[in-house]
Amino acid sequence: MKNKLSLFTLIGLLLGIILGLVLPQYAPYIKFIGTYYITILKYMVVPVVVTTISVSIYNSSKLKSKMVPLTLLVFVLMFSATFLLSSLIVTIINPSSGFILNTIDWSGSTSDLGIKGMLLNLIPKDISKFLTGGYLFTVILIAALIGKLCSIVSKGDKVINVIEKIKDFLFKVLNIYMYVTPFAVLSLISNTIVEYGPIILGLGAKYILTAYICAIFALIFVMILPILLITKMSPVTFVKKVYKIWMITLSTCSSAATLPYTIKTCHDEFNIPDEVTDVVVPLGTTIHMCGGAVSFALLGLFCSKLFNVEITFSKYLLMLIYAILINMAAPGIPNGGVAIGATYLQLLGIPLDFIGFYSGIYKLLDMIYTSLNVTDDIASNVIINYFHRKKENK
């Protein structure tokens, strides 16, 4: 069914392009579909983030393994390195150059992401904005606090069980809602082309190419090179052991669906024991996604440039922090990255006008993002196992 959704989304994209180019006078009649799609998506953001992060924090806190702190440290370092490297590549390539959405009513500055502004914005002043993610950092803090408290207080297990059931229900609803995506893409793409012209098609091609370049550089410098320097494993050996799983990730676009094969690869190809793999890989599948680092860095910087939004150094650091935190909330559903991408842009105060087009090309992006996520889980497992064995041999 997931493959059909991707096919229908692609068809929606192509039909939207044709409608916008050939019959532009009819595009405004279906504009309401895309408008409602984004509006409802906004209202899904807060409950999804609260439930998912709460459960993730709870599960992480309950793990008693001494490897967990080291695992989390490796995850954060590799995610951050991927984010920084991708940011550099995006800055050099500048895929949004030559295309500025001047017709959008936008003031040209983000919401205050400085420390002072962040503290002042912790308390919601507008309940409607709170419900649609206007105070998303506050939502993340509340979710993390809920998860931590449930791990230490009596009967916390019962509370988290209820939250997890709500999370599962929300994902089912969101999964069903994703099947509206092809119609929303048709609506949004056609109206985008009518409003901005055919030049936006070239913009999409540059975006996809930039994403793949970022992923390749991340594979080489964030995964293969550290493994070579730390464990002395040759790049050729690592690629030979891991490339077979790429066929699965490219087709499923799901780290969760690939999890059994990821664990099997770590056991059979890298001889990593259960006591390491069974902690690192499931945890990585949940909260460690370097494909997400590429996605957030590219989407945030691309759209900030597209909408003439200045990102200062302090705001950029907070972009990284937000990316690390919100990455834990990535739902394992078809086109789930679209919902999380919209959340991220909203957190940064950037308009969601690009999300319609982003939905249409996301399948091609998700293929490389998922492959990078799973490869990084394996790479992290190899590195962590090296330090684990070294400690045991002392």
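Here is a short, friendly walk through some features of this structure, which is a predicted model.

1. **A nonpolar patch on the surface.** A good place to begin is the group made of Leu7, Phe8, Ile11, Leu15, Ile18, Leu21, Val22, Leu23, Tyr26 and Tyr29, which form a nonpolar patch on the surface. Together these residues have about 990 Å² of accessible area. One of them, isoleucine 11, sits in helix 1, which covers residues 2-22. Isoleucine 11 has a relative accessible area of 36%, so it is partly exposed.

2. **Two tyrosines from that patch.** The whole structure holds eleven aromatic pairs. In the pair of tyrosine 26 and tyrosine 29, the ring centres are 6.5 Å apart and the planes meet at 40°, so this pair is tilted. Tyrosine 26 is partly exposed at 45% relative accessibility, and tyrosine 29 is exposed, with a relative accessible area of 61%.

3. **An edge-to-face pair across the chain.** Tyrosine 207 and phenylalanine 302 make an aromatic pair with 4.7 Å from centre to centre and 90° between the planes, an edge-to-face arrangement. This pair links distant parts of the chain, with tyrosine 207 in helix 9 (residues 199-231) and phenylalanine 302 in helix 13, 95 residues apart. Both tyrosine 207 and phenylalanine 302 are buried. They also belong to one aromatic cluster, formed by Tyr207, Phe302, Tyr358, Tyr362 and Tyr369.

4. **Helix 13, where phenylalanine 302 sits.** Helix 13 runs over residues 290-306, and its 17 residues should span 24 Å at 1.5 Å a residue. The end C-alpha atoms of helix 13 are 24 Å apart, which agrees with that expectation. This helix is mostly covered, since 16 of its 17 residues are buried.

5. **After helix 13.** Helix 13 is followed by asparagine 308, which is found in the loop between helix 13 and helix 14. Asparagine 308 is not a glycine, yet its phi is positive, about 55°. With 44% relative accessibility, asparagine 308 counts as partly exposed.

6. **Helix 14.** On the other side of that loop, helix 14 takes in residues 313-326. Its 14 residues should span 20 Å at 1.5 Å a residue, and its end C-alpha atoms are indeed 20 Å apart. The buried residues of helix 14 are Lys315, Tyr316, Leu318, Met319, Leu320, Tyr322, Ala323 and Ile326.

7. **Another asparagine with positive phi.** Asparagine 94 has a phi near 50°, a positive value in a residue other than glycine. You will find asparagine 94 in the loop between helix 3 (67-93) and helix 4 (115-120). At 23% relative accessibility, asparagine 94 counts as partly exposed.

8. **The salt bridge.** How many salt bridges does a search of the whole structure find? There is one, and in it the side chains of lysine 264 and aspartate 268 meet at 2.7 Å, N to O. In general, side chains of opposite charge can pair when their charged atoms come close. Lysine 264 and aspartate 268 are four residues apart in helix 11 (residues 255-268), so about one helical turn separates them. An α-helix has 3.6 residues a turn, so residues three or four places apart point the same way. Aspartate 268 is partly exposed, with a relative accessible area of 45%.

9. **A lysine over a ring.** Lysine 241 lies over the face of phenylalanine 270. The distance from the ring centre is 5.7 Å.

10. **A contact to phenylalanine 354.** Phenylalanine 354 is placed in the loop between helix 15 (336-347) and helix 16 (355-392). Is phenylalanine 354 buried or exposed? At 3% relative accessibility, phenylalanine 354 counts as buried. Phenylalanine 354 and leucine 188 are 166 residues apart in sequence, while their C-alpha atoms are 9.0 Å apart in space.

11. **A contact to asparagine 191.** Asparagine 191 has its place in helix 8, residues 181-196. At 11% relative accessibility, asparagine 191 counts as buried. From C-alpha to C-alpha, asparagine 191 and proline 28 are 6.5 Å apart in space, although 163 residues apart in sequence.

Definitions and conventions: Residues are numbered from 1 along each chain as its sequence is written. This is a predicted model: local features need pLDDT of at least 70, side-chain atom pairs count only at pLDDT 80 or more; totals for chains, interfaces and linings use all residues. Side-chain values use heavy atoms; hydrogens and water are left out. Patches are made of residues with over 30% relative accessible area and no salt bridge: like charges are joined within 9 Å, nonpolar side chains (Val, Leu, Ile, Met, Phe, Trp, Tyr) within 5 Å. Accessible areas come from the Shrake-Rupley method with a 1.4 Å probe; for residues, only the protein chains shown count as cover. A salt bridge is a side-chain nitrogen of Lys or Arg within 4 Å of a carboxyl oxygen of Asp or Glu. Helices (H or I, at least four residues) and strands (E, at least two) are DSSP runs, numbered from the N terminus. Buried means under 20% relative accessible area, exposed over 50%, partly exposed in between (1.4 Å probe, protein chains only). The expected span of a helix is 1.5 Å times one less than its number of residues. Rings of Phe, Tyr and Trp (its six-membered ring) pair if their centres lie within 6.5 Å; planes under 30 degrees apart count as stacked, over 60 as edge-to-face and the rest as tilted. A charge sits over a ring if NZ of Lys or CZ of Arg is within 6 Å of the ring centre and within 35 degrees of the ring normal.
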